[in-house]
Amino acid sequence: MSVVKINVLTVPAEQRETLEKRFASRAHAVENSDGFEWFELLRPVEGTDNYLVYTRWRDEESFQAWMEGPMKAAHQGGAAEGQERPRPAASGSTLWSFEVVQQAAPKGA
């Protein structure tokens, strides 16, 4: 059964562009991970100021392996020599976890 992880990011208005550029520069960083199924970065339009980072995984073990491997390495990586590591664009985050119990796709997809 697939699992969905949604990272809810609190992003100040002045950091939105920075956040989106950072995700764009990491495009394809997760796609080759075993068990990875889907990614979306969702920009708030109304009703909230939070961005949502949606990922879908084959199972919890696949997500945990990514968290302890590639994701951890990416977030611990330093800046270029002699430069400070950039500050996070988000001022806070919360991780939501779900199991997929029903799904539908367009006919013929």
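This is a short chat about the salt bridges in a predicted model.

Biologist: How many salt bridges are there in the whole structure?
Modeller: A search of the predicted model finds seven.

Biologist: Ok, what does glutamate 60 pair with?
Modeller: Its partner is lysine 5, with the closest N and O atoms 2.8 Å apart. Glutamate 60 lies in helix H2 (residues 60-76) and lysine 5 in strand E1 (residues 3-10), so the bridge ties together parts that are 55 residues apart in sequence.

Biologist: And lysine 5, buried or exposed?
Modeller: Lysine 5 is buried, with a relative accessible area of 5%. Glutamate 60 is partly exposed, at 29%.

Biologist: Switching to helix H1. How are lysine 21 and glutamate 17 placed in it?
Modeller: They are four residues apart in H1 (residues 16-25), which means a separation of about one helical turn. Their side chains meet in a salt bridge, 2.9 Å from N to O.

Biologist: Are those two buried or exposed?
Modeller: Lysine 21 is exposed, and glutamate 17 is too.

Biologist: What about the strands, which residue does arginine 56 bridge to?
Modeller: Arginine 56 bridges to glutamate 37, and the closest N and O atoms are 2.9 Å apart. Arginine 56 is in strand E3 (residues 50-57) and glutamate 37 in strand E2 (residues 36-42), so this pair links parts 19 residues apart in sequence.

Biologist: Where does arginine 56 fall on accessibility?
Modeller: Arginine 56 has 17% relative accessibility and counts as buried, because the cut-off is under 20%. Glutamate 37 is partly exposed, at 34%.

Biologist: Which residues do shared partners join into one network?
Modeller: Asp34, Arg58 and Asp59.

Technical notes
Residues numbered from 1 in each chain as written. Predicted model: local features only at pLDDT ≥ 70, side-chain atom pairs only at ≥ 80, totals over all residues. Heavy atoms only, no water. Salt bridge = Lys/Arg side-chain N within 4 Å of Asp/Glu carboxyl O. Helix = DSSP H or I, 4+ residues; strand = E, 2+ residues; numbered from the N terminus. Buried < 20%, exposed > 50% of the residue type's maximum accessible area, 1.4 Å probe, protein only.
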